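Dear colleague,

Please find below the structure for your consideration. My findings follow directly after it.

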Amino acid sequence: MSVDSNLKLSCYHCGEDCKDTSIQLQDKTFCCDGCKLVFEILNENELCAFYDINKNPGISQKIKVRPDKFAFLDDTSIQQKLIQFSDETQTHVTFYLPQMHCSSCLWLLENIYKINKGVVSSKVNFENKEVFIIFNNNTTSLRKVVETLTQIGYEPHISLHALDTSTVKKSDNKRIYKVGIAGFCFANVMMMSFPEYFVADGVVEANIRATLSYIIVAFSIPVLLYCADEFFILAWKGIKHKFLNIDAPIALAIAITFGRSIYEIFSHTGPGYLDSMCGIVFFMLLGRILQDRTYQSISFDRDYKSFFPIAVNVIKEDKIIPTALYQLKKGDLIQIYNNELVPADGILSKGKAQIDYSFVSGESIPVSKDIGEIIYAGGKQMAGLIELLVVKDVSQSYLTNLWNKDAFQQKEDSNASFIHVISKYFTVIVLGIATIAAAYWLYKGQYTLMWNTITTVLIVACPCALLLSATFTNGNILRILSKNKFYLRHPDVIENITKINQLVFDKTGTLTQQNKTKVSYNGQALSANEQKNIASLLSQSTHPLSKAILEELQINKISEVQNFKVHVGKGIEGWIEDKHYKIGAYDFVYASSELSNTGSAVHIMIDNIWIGQYKIIHNYRYGFNRLMEVLKAQYSIAVVSGDNDAEKNKLKEILGNDADLLFYQKPDDKLNYIQHLQNIQHKNVMMIGDGLNDAGALKTSNVGVAVSENSNNFSPACDAILDASQFSNLDKFIAYAKSGKKIILISFVLSIFYNVVGLFFAVQGTLSPLIAAILMPCSSITIILTTYGMSEWAAWKIGLETKYDKSHV
Amino acid sequence: MSVIIIMLIGSLLVAGGFLFAFLWCVKDGQYDDAYSPAHRILFDDINTTTKK
C-alpha cells in the first residue's frame, strides 16, 4: 500500500519524503516538479552551492503559484507604495520573506543577481527575514524581481498592511545610545571619583580635585538630561493620569541626587553622589533594554489587512485589470483563483465555489456555494477559478466590521502592576522615615544635618532596586520563554499570566492540528486493486475529505474512471473496471451499517454493497491529553469552537464534566463568551486560539495566545504567540511565568537589605558618597545575579530549555 | 601635577573614541542582524570553490 518505510526517500531540494522515485534528475530525487524546477534553475545558474551549505535547504514547492499572480505589480500606484527609492536607473525595495530559514537561504538570496541579471545587489537581514534589493529598472521590473524570488521558492509577503504602514519598524536604537552614553559616563565618573575616596586629604592637590569634580559634573549632565529623560517623562505621564508609577520616585531621587551633588561640589562641601547617580541610571536602562527587547521577525499587531491579498483581478469590459484592494468598488466583478482569500463580500457569478471558512468561523469543512449565493470576505476558495460581484467595499465587509467592533478597539487599561503598587508603599514608608529623621534633627536644632538627612534619605529611598529586580527578571523570563518558542508581546503579559484562572481554547487549529487529520478505516479488508480504484475515484474530487483519504492511501497510479459524477455535498460516483463505485456521506451511499455516524465519515460502496467507511478524526496536538490532565486540576477550562459538535464526547472524556464545551460559535459568540466570563464570573481569562475567528476573543481576553504552526506565519493580534510544536508545554510556560513574580519579590527583599544599611547612615546624616558608591553597585549586581540565577534555576526545574539553540533560528 | 591633567585628557580622548565607535556601530546597523554577517563571511570560499 505505501512505500516501504525502510526505503523512505527525501527530496533533494526540500527534504520532504518522496512518494516514489518518479521525479529524478542527475541521480537526485525530488518530491514534486516544483522542487525539481528550482533545482534546474539553480543548476543552470551555477548556484548549486545552495545544497552544499545545508542539507535539503529548499522550500517545498508543492503548492504552485499561478503565473500572473503578480501582475498587479505593474501598476505604478502599487509600486510606489512598495518601493523605497527610485530614479531613472535604479530602484530600491525591501521584501519580507517569511520562508527564510537557514544560511543557504541567505547565500542564495544574496546571489540572486546570477538568476535575474537586472538585480544589482541584494542584502539579507536575516533576523527581520527581509531582503533589500537594488535592481536596474531598465533591464528588469519589480514584478520580474518578485517572480524570480517566487520561482526559487521565496514568495515575498506583500500585504495591505505593509502598504498602509509604510513606515519601517522603528528600531529602539535610542535606548542603546542612552545605555552606551550612560555606561561611558558612569565608568569615567567612577574612575575620577577614586582619588576622592581612597586618597587622604591633602595628598591630591586642590586644583586637581576641583578639575576632577568639574569633569564629573560635565559627564553627569548628559546622563541626567539625555539618558534619564524617560524616567522623568514617564513620571510626568503617570502624574497627569493621577497614577503614581515607579518612575515618579525614581525621577525624584535622580533629581535630588543631582541637585544635592551640584550644591556640594560648587560649595566645596563634598564630592557629591554623581557616580552613584550615573551608575543607577545605567543599570536601570540596561534592565529596561533587556526587558523590552522585541522580536524583530514576529508581529503581534496583525489585523485582517495582513491576511488579505494586495490586489485582485477585476474584469472590466472583457479585460482583466489587476486592481489594488483599496481601489476595489461595489459592483466590480472580481476573479478569485484556487487557494485565494476572498477579500470582499460578493455574490458568486461564475464557477464552482468551495469556500473554506475555517479562518473566519472555525468550521473545518468547506461549504459549497452556488451561483447567486453570497460569499463572505475571509473565505478561501478551494476549487478552481470563480468570479464574484462585489457587493460591499472591503472596509465594510462582514469580517472587517467584526474587526472594527468596539471590543477590538478597546484600549488596555493602565496596568496597575504590583511593581507600581509596591513602589508606592515603599516610597511612602521612606518618606515617613525622612520626615521623622528630619523632625528629630530639627528638634535638636541641627539645620544642616536636617537637610542632609532629607536629601540622603530620598536618595536611598529610590525604588530603583525594585525596578532592577523587575526588569532583569522579566527580561530573562522573556528570553527563556522565547527560546522555548513562546513569544510574549510585552513584559506586562508575564504578570497577566500569573493572574489567570480560566483557560478557553479554540478547537480547530488550536487543539487539533491544521490540515492534519487521522484517517481510519472500518469494514471489509480492501484489496490493493480496490484501494487503487478508490484512490482513482477520489482523485477526481476536490473535496478536502477526499484529499485526506487520498493522502492516507498514498497511491499515485490511477485507473481510468468512467461516468464520473459529483453530487455536491453528498459524494461522488463512477465506473472503474466495470464496477460501480460510490463514495460519500452516510445517506448518499445508503448503507445499513450499524456503525455510529459521528465525526466525519466517508462510506464506500462497490456495486451497491457497503464495503466500509473511512473515519476522519481530527488529530489532537501532541501531548494534548497530558496537558489537559495538568491544566484541569488548576484552572477551569472551556472549549469554544466554530465547528460542529462531532468531537464533543471525546473532549468531554478528556476535559471532564466541569469544562464548558461550546460548539457552532461565531466569532461574536466567542467574544461575548469571554466577556461573560470576565464580567459576570469575574474570571481572568487566557484565550488560546489561532485563526481570525478567534481574533475578537484573543483581544478581549486578559491574555490572548495565538497558536502558530510557524512563528513567522500569520497569527491574529494577540499578547503571545505559541509555536504549535510547543503546545504541550503550555502548562510549564504558565508555571514559569508565575515563578517570575516570586523571583522579583525575593530579589527585592534582598535589595531592601542594602536600602536598610543605606538608611541607617542616611538618617544620621552621615551617608558618605563612598558608602553610597559601594552600596549602589553592590545592590545592583546582587539583584542582577539573583534574578538571573533564580530564573535560570526555575526554568531548569520546570523543565524548559535554557541553552541557546542555534538550529531553530 | 600637570602630567595628571594631560593623562586625564588623554584617557578621556581614548574613552571618547570608543564611545564614538560604539555609537557609530549602532547607527550603522551592526547590531540589527547578528546572523547574516557571521554566515556571510563563510560564503566567499563556496563561491570560489564552485566556480571551476
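No salt bridges are counted between chain A and chain B. The model is a predicted one, and the count of residue pairs in polar contact between chain A and chain B, with both residues at pLDDT 80 or more, is likewise zero.

The two chains do meet, however: 33 residues of chain A are in contact with 25 residues of chain B. Between them, chain A and chain B bury about 2400 Å², and 69% of this area lies on carbon and sulfur atoms. Of the area that chain A buries against chain B, 20% is supplied by A:Tyr177, A:Phe184 and A:Ile208, more than by any other three residues.

On the side of chain A that touches chain B, two or more residues each come from helix H2 (49-53), helix H4 (103-110), strand E7 (119-125), helix H7 (173-198) and helix H8 (206-227) of chain A. The most is given by H7(A), with nine residues. Sorted by class, this side of chain A has 18 nonpolar, nine polar and six charged residues.

A separate point concerns A:Gly509, which is found in helix H19 (residues 507-511) of chain A. Is A:Gly509 buried or exposed? Its relative accessible area is 3%, which is under the 20% limit, and A:Gly509 is therefore buried. In sequence, A:Gly509 and A:Tyr620 are 111 residues apart, while in space the distance from C-alpha to C-alpha is 9.2 Å.

With kind regards

Note on methods: Residues numbered from 1 in each chain as written. Chains lettered and ligands numbered in written order. Predicted model: local features only at pLDDT ≥ 70, side-chain atom pairs only at ≥ 80, totals over all residues. Heavy atoms only, no water. Contact = heavy atoms within 4.5 Å. Buried area = accessible area lost by both parts, 1.4 Å probe. Salt bridge = Lys/Arg side-chain N within 4 Å of Asp/Glu carboxyl O. Polar contact = N/O pair within 3.5 Å; in protein donor to acceptor, adjacent residues only side chain to side chain. Helix = DSSP H or I, 4+ residues; strand = E, 2+ residues; numbered from the N terminus. Nonpolar A, V, L, I, M, F, W, Y, C, P; charged D, E, K, R; others polar. Buried < 20%, exposed > 50% of the residue type's maximum accessible area, 1.4 Å probe, protein only.
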